[in-house]
Amino acid sequence: MSEALTLVPKATAKQTMKDFKSDQEVRWCPGCGDYAVLAAVQSFMPELELARENVVFISGIGCSSRFPYYMNTYGMHSIHGRAPAIATGLATSRRDLSVWVVTGDGDALSIGGNHLIHALRRNVNLKILLFNNRIYGLTKGQYSPTSETGKITKSTPMGSLDAPFNPVSLALGAEATFVARTIDSDRKHLQSVLRAAAEHHGTALVEIYQNCPIFNDGAFDAIKDSGDAVIRLEHGQPITLGDGHGVVRDPATGELAFTELADPAGQALVHDTHAAGPSTAFALSRLDEPTPIGIFRDVARPVYDTQMAEQLDEAAAAGGPGDLASLLAGGDTWTVS
């Protein structure tokens with residue numbers, strides 16, 4: 001078991017997908033990509049062999065934020081954009097928990113953007129699933145922080161003027177230690193990425209391209225319908241497509257480009273998810289056609305909750321209070337009667 005899961009108690013009996021299904025009726029629109037992600041997570045969780053009472057799903061506000069109701073674990077449907085903050089408090093105070101955040105492109109990148117980037121830079125032991133459908137679904141079809149420039153929606157009838165966020169680029173810019181992208185309809189790929197995220201010690205952000213059939217149907221059809229539209233990133237392997245194309249670095253500009261190669265396996269850039277710096281992963285995240293999916297970065301860095309626990313131990317060894325509540329309430333505090 002990885003360091004990320006060593007403190008979480010193991011289940012005492014074998015678990016199945018059924019054990020992680022709650023008794024709540026799943027209520028998303030017919031055809032919503034959230035169904036596929038939920039099924040993938042429920043069927044994947046038994047592999048971790050963790051006690052369900054030590055698994056927590058925390059969400060903000062949005063269609064994806066119904067997720068905790070449907071998982072037979074502990075969970076919280078929290079405040080708009082604040083799921084990373086609440087999850088940070090839980091993960092740092094209860095290191096025996098496996099804490100997962102479920103959020104959407106609006107919840108995470110608009111009102112919750114500040115909370116997201118600070119969770120990423122701190123490297124708290126959290127797993128963040130960011131459902132990206134490039135639209136506000138719960139509030140009925142306004143443009144979101146990931147909607148394309150020129151997107152016509154109820155709130156942008158003449159087309160959006162905003163330049164969209166790229167969630168993977170944003171996470172890499174915040175020095176996140178694990179960043180990946182996958183697709184709701186590719187269950188095998190989705191579960192392989194979730195497995196790697198769960199094993200990672202620190203913050204793991206997984207962007208999931210997810211279809212909204214009502215307000216932004218077909219947003220990712222070009223990726224799903226054509227094998228030539230997706231580059232599958234695999235550590236230690238050349239970044240290529242099967243048609244003789246691959247990713248190379250322009251020696252003049254240093255930028256990455258997708259081009260036809262005489263020898264793709266020998267000429268294409270070899271993917272390194274464990275590279276110390278995020279520069280190449282960031283450059284990969286800027287490629288659009290074809291779109292890279294998979295793990296962009298997976299590196300080790302000191303984890304916030306572990307460091308905080310060590311500070312508390314040092315305080316206790318030095319004769320101080322040694323617990324977080326006492327430290328926070330110590331010093332210049334007053335009781336007002």
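Helix H11 covers residues 304-317 and has 14 residues. From its first C-alpha to its last, H11 reaches 20 Å, close to the 20 Å expected at 1.5 Å a residue. The model is predicted.

H11 has a set of buried residues: Asp-305, Thr-306, Met-308, Ala-309, Leu-312 and Ala-315. After the helix comes Gly-319, with a positive phi near 90°. Asp-305 returns below, in the account of the cavities.

**Strand S3 and its partners**

How many of the residues of S3 are buried? Strand S3 runs over residues 98-104, and 7 of its 7 residues are buried. The strand is thus described as mostly covered. In a regular strand, side chains point alternately to the two faces of the sheet. In S3, both faces are covered. One side carries Ser-98, Trp-100, Val-102 and Gly-104. The other carries Val-99, Val-101 and Thr-103.

S3 pairs with strand S1 and with strand S4. S1 (residues 55-59) pairs with S3 in the parallel sense, over 5 bridges. In this pairing, Ile-58 has Val-101 of S3 as its bridge partner. S4 (residues 127-132) also pairs with S3 in the parallel sense, again over 5 bridges. Here Trp-100 stands opposite Lys-127 of S4.

**Cavities**

A probe the size of a water molecule, rolled over the atoms, shows where empty space is left. This structure holds 2 cavities of 30 Å³ or more. The table lists them.

| Cavity | Volume | Lining by class |
|---|---|---|
| Largest | about 90 Å³ | 5 nonpolar, 4 polar and 4 charged residues |
| Second largest | about 50 Å³ | 5 nonpolar, 2 polar and 1 charged residues |

The largest cavity encloses about 90 Å³ of space. Which residues of its lining are closest to its centre? Of the 13 lining residues, they are Ala-4, Leu-7, Arg-95, Asn-125 and Asp-305. Asp-305 is also one of the buried residues of H11.

The second largest cavity is lined by Ala-4, Leu-5, Leu-97, Ser-98, Val-99, Asn-125, Lys-127 and Ala-198. Several of these names have appeared already. Ser-98 and Val-99 sit on opposite sides of S3, and both are buried. Lys-127, in S4, stands opposite Trp-100. Ala-4 and Asn-125 belong to the lining of the largest cavity and to that of the second largest.

Definitions and conventions:
Residues are numbered from 1 along each chain as its sequence is written. This is a predicted model: local features need pLDDT of at least 70, side-chain atom pairs count only at pLDDT 80 or more; totals for chains, interfaces and linings use all residues. Side-chain values use heavy atoms; hydrogens and water are left out. Buried means under 20% relative accessible area, exposed over 50%, partly exposed in between (1.4 Å probe, protein chains only). Helices (H or I, at least four residues) and strands (E, at least two) are DSSP runs, numbered from the N terminus. Two strands pair if DSSP finds at least two bridges between them. The expected span of a helix is 1.5 Å times one less than its number of residues. On a 1 Å grid over the protein atoms alone, a cavity is a set of points where a 1.4 Å probe fits but cannot get out, and a pocket is an open set with protein on both sides within 12 Å along at least five of seven lines; lining residues have an atom within 4 Å of a point. Grid points are joined across faces, edges and corners, and a volume is the space filled by probe spheres set on the points. Ala, Val, Leu, Ile, Met, Phe, Trp, Tyr, Cys and Pro count as nonpolar, Asp, Glu, Lys and Arg as charged, and the others, Gly among them, as polar.
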